[in-house]
Amino acid sequence: MKMDSLPSPLQSGEMTRIETTPNAVGSGAGSKPAPVATVRNICKRFPGVVANDDISLDFNAGEIHVLLGENGAGKSTLIGILAGMQQPDSGDILIDGVRVRLGSPRESLDHGIGTVFQHVLLVPSLTVIENLMLGGSWWQKLARSAALARFRELSDLLGVKLDPDALVGKLSLGEQQQVEIMRALWRGEKILILDEPTSMLTPQGVRDLGDVMRRLRAKGVALILITHKLAEAYELGDRISVLRLGRVVGAILPDERQQMTEQQVTDRVIAMMFGATMPTDAADAELLLGRAEGRRARRLVDRSGAPRLRATQLSTAAERGACPLHDVSFDLWPGEVLGIAGIDGNGQKHLAETLAGQRKAASGTIMLDGHDITAAGVPARRRAGIRYVTDERLGEGTVGTFSVATNLLLKEIGNEPFWRRGMTDWTRIHDHAREKIEHHDIRTPSEKTPIGKLSGGNIQKVLLARELANDAGVVIFNKPTYGLDLQNTRLAHERIVESARHGLGTIVISTDLDELLEVSDRIGVMYQGRLVGIVENGPEVELEIGKLMTGQTLAAGTGS
Amino acid sequence: MSVDALPLTPDRTREHIAAVARVAVPILLALAVGGAILLILGKNPFTYYGYVVQRGLLSWGGLQETMTRMAPLLLIAAGLIVAFRAGIWNLGGDGQYLLAAVVTAALAPALIDTLPRGLTLIICMVTSIAVAAAWSLIPALLKARYGINEIITSLMMSFLGTSFANVLVKLFFRDPATTVPQTRSLEVVDRLPRIFGTNVHSGILIALAVVILVHLMMTRTAFGLRLQIVGANPAAAVHAGLKVGWLTVATFALSAGLIGLAGSVEILGVWGTVRADWNPAYGLLVVPLVFLARFNGIAVIGFALFFSVLMIGGESASRRIGVPQDFVLMLVGLLLVFLALVEYLDHLRRKRAGV
């Protein structure tokens, strides 16, 4: 039950994901045409890892081929190879039965392989049509009328309505993605690769994307969909291949797929993903399915005493591309986990930054244990016990080129005992890092390794080690498990619940409703910069939260 | 930074070789192509380079000139390293340098009449540092307050600074006793003391000390680490609660101050006066040198020596062999081209290796 695939808040708590009947899929399964693209025995090694180990797959016209697998399973590497960004160490790529070499993204595009990456790669200050014309060769004149003709052709194909002269920066993420798809198909619509396309979209955006994909399939495009979400794989996939540790460990073929129910598909996929380790990873499987209700044991939070943190009518100044806060008020008691739900971009970022002290409140107050800390900056709040685990782990949480050791102390620079009268004691800093690495099970070659070389899960462990150290009183987690694989997600959840049990006031901001349902005591919902309601976590709260998320109760005037 | 105690694995050896090659290959290529051009001009390149080395490094007089030339280059390099490591591209060096030089040239002859030499020299240096730092305030504040790109503003302030320095010489500090507009001269005996009876003034010692101190500051102090965080990831600096605005202004002031010290030392050590329209334009010359050294304060000493030999030796060699003086500048240009090329190839190599 991912939030971004909520079909409609009006439907019951037992949710179907993307509205389509399972029977509608599998149109390309009839005859047995030759595959449009084939990868054969692809191997790709990086220092210390075999990313792709003898991978062979077929991609057929008019078929959506889903690639499933955990982080590090080798999906991204395979996509990188097909997109021409990486070259395999060995193995062949065949397009229409002919062996080709994809030496660069351009060559890949020339063969009709278009890729839409997870993050938007458009120029926000240019218009839609200008972005689409960027791919031309430098000696060619910008032929606007020809480009517009192609634009209209693709608009019809995709069934979307976009203004070619709209600035890309002003479009919603869903519309930007449509532009990305157009760009990917610009030079021929043979193969379209979509890398986790729904992770940034609203429910409406997810629905639209599903429609676009089905239209393309009907037109005979070979689609490759990379996803973490089993529900998506079931709804959209004709053929499902599961990757694990760089190998293809199993597949569900279109013929089989048509005969199977959703439950059967998910059971099969989970069996493939976890193989023999199934019993020990039962919790992972539950998490993957979003069926972790069993673990939602609520703690009883004592709210009779004074709250640890009290925010009163917080507002922030508007800023380009970010949603400001309007009159946000809430209390947080020691030992409580307050979840903050909402579709991405409804003020969550400003809330986290304002509480952490890295953004000034335009009005309102923040009280910690009865003291007004509204004017305090990050260092003062940190000393007072406020910690912020940011979702932008490499963007702002760490300095990628600096060592793990330095990053572990990024917020303590100049403090004793690692610095004495401003002089750095590197020996002590490295000793401290080794201790943290050991204690938090951070997998790194050394404490001097640049943190940017670690995996997302390990970077998150560094952030947790840094933020939860020494007398934390209130911890704000922003999307704590974004981009993490199942094991690291579970670890992060355990850390959150564990620290709350020790009396920390905890705020968890997430767009993943399942996550909030699992860890929270109460769940607040943000909509357009307002905290539109706070509900006690319990059975059947999803419906209420879903309504709040789309602003439906605003009319009733319950904005707090 | 503590020394890596890891054993030399083949990988690490390869990285070390690559690090040396990144520097040595562009230099050798520049010298080779420069030599080819000399051949085309009908001159013997070996004679030319021989003269360069002989004059710039091997002859006693030339070596002294080389050492003297190193002083301003090193101080400017120190100033640029502070800024560049903090991700602040202070390209206003020439303006800061000249203003500081003019202030020193105006103050020194006036103070020496009433104050002892040591005190005069120190007051001149401190005032020059302050003036250069103040000149950097406008780009610094614009950057800190409004995020305006300092490359543009500092460069524009540099043009204003060089012109303003000229105005000062011609209108306010002009020595009425001379026909060519210039400031009053500081007598040779009153200038920076020479080292052990040589012609090399003690500015080189100041410069070496400063560049080493800057290196230690960047690698071993909390302040240096903060600056580098601002440079490497400004968002992380905000996240960690660093005062980015204040650090920006401080970095600019420190950077400009050190460049100002270079101007002051050059006047106190070598010239004793500033003539109108004098502009050695060291500020931009040192930029590639600092990049060659990868912002490392120790490595930059070697490059400053190399550049100084090339400049001093090149002047004399050009004269003796009969090529234009600007041939040295052409060598520097070639060096930059090959530097960029090798850097690009190295980038590709790393990408392929997946490092």
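Accessible areas here come from the Shrake-Rupley method with a 1.4 Å probe. With that in hand, open the predicted model and let's walk through it, one selection at a time.

**Stop 1: chain B as a whole**

Select chain B and colour by element type. The accessible surface of this chain is about 16100 Å², and carbon and sulfur atoms account for 71% of that area. Switch to a cartoon and you will find 14 helices and zero strands. Reading from the N terminus, the order of elements is α-α-α-α-α-α-α-α-α-α-α-α-α-α. Chain B has a radius of gyration of 21 Å, close to the 20 Å that the globule rule gives for 355 residues, so it is as compact as a globular protein of that length.

Now turn the chain to view its principal axes: the C-alpha trace spans about 65 × 60 × 35 Å along them. Of the 355 residues in chain B, 50% are buried. If you draw contacts between residues at least 6 apart in sequence, 77% of those in chain B join residues at least 24 apart. For a last look at the whole chain, show the charged side chains: there are 26 positive and 16 negative charges, and their mean positions lie 5 Å apart.

**Stop 2: B:Thr221, with chain A in view**

Keep chain A visible and centre on B:Thr221. This residue sits in the loop between helix H8 (203-220) and helix H9 (222-232) of chain B. Is B:Thr221 buried or exposed? Its relative accessibility is 13%, and buried means under 20%, so B:Thr221 counts as buried.

Show the side chain next. From B:Thr221 it reaches the backbone nitrogen of B:Gly224 at 3.0 Å. Then bring up the surroundings: setting aside neighbours within four places in sequence, B:Thr221 is in contact with A:Trp419, A:Gly422, A:Met423, A:Thr424 and B:Leu216.

**Stop 3: chain A as a whole**

Move over to chain A. Its cartoon shows 19 helices and 22 strands. Among the 560 residues of chain A, 56% are buried. For contacts in chain A between residues at least 6 apart in sequence, 70% join residues at least 24 apart. The accessible surface of chain A comes to about 23900 Å², with 52% belonging to carbon and sulfur atoms.

**Stop 4: backbone details in chain A**

Select A:Glu416 and A:Pro417 together. The peptide bond from A:Glu416 to A:Pro417 is cis, with omega near -5°. A:Pro417 belongs to the loop between helix H14 (404-408) and strand E17 (419-420).

Next, pick A:Asp96. Where is A:Asp96 placed in chain A? Look in the loop between strand E4 (90-95) and strand E5 (98-100). The phi of A:Asp96 is near 50°, a positive value in a residue other than glycine. With 48% relative accessibility, A:Asp96 counts as partly exposed.

Then jump to A:Lys479, which has a positive phi of about 40° although it is not a glycine. You will find A:Lys479 in the loop between strand E19 (474-478) and helix H17 (486-501). A:Lys479 is buried, at a relative accessible area of 14%.

**Stop 5: A:Ile252**

Centre on A:Ile252, in strand E10 (residues 247-252). The relative accessible area of A:Ile252 is 0%, and this residue is buried. What surrounds A:Ile252, leaving aside its neighbours within four places in sequence? Its contacts are A:Asp238, A:Arg239, A:Ile240, A:Arg257, A:Met260, A:Val265, A:Arg268, A:Val269 and A:Met272.

Now add A:Pro334 to the selection and measure from C-alpha to C-alpha. A:Ile252 and A:Pro334 are 82 residues apart in sequence and 48 Å apart in space.

**Stop 6: A:His228 and A:Leu67**

Try another C-alpha pair, A:His228 and A:Leu67: these atoms are separated by 8.8 Å, with the two positions 161 residues apart along the chain. A:His228 lies in the loop between strand E8 (222-227) and helix H7 (230-236). A:His228 is partly exposed, with a relative accessible area of 27%.

**Last stop: A:Asn346**

Finish at A:Asn346, in the loop between strand E13 (337-341) and helix H11 (348-356). At 10% relative accessibility, A:Asn346 counts as buried. Beyond its neighbours within four places in sequence, A:Asn346 is in contact with A:Cys323, A:Met526, A:Tyr527, A:Gln528 and A:Gly529.

Notes
Residues numbered from 1 in each chain as written. Chains lettered and ligands numbered in written order. Predicted model: local features only at pLDDT ≥ 70, side-chain atom pairs only at ≥ 80, totals over all residues. Heavy atoms only, no water. Helix = DSSP H or I, 4+ residues; strand = E, 2+ residues; numbered from the N terminus. Rg over C-alpha atoms; globule rule 2.2 N^0.38 Å. Buried < 20%, exposed > 50% of the residue type's maximum accessible area, 1.4 Å probe, protein only. Contact = heavy atoms within 4.5 Å. Lys, Arg positive; Asp, Glu negative; His and termini not counted. Charge placed at Lys NZ, Arg CZ, Asp CG, Glu CD. Polar contact = N/O pair within 3.5 Å; in protein donor to acceptor, adjacent residues only side chain to side chain.
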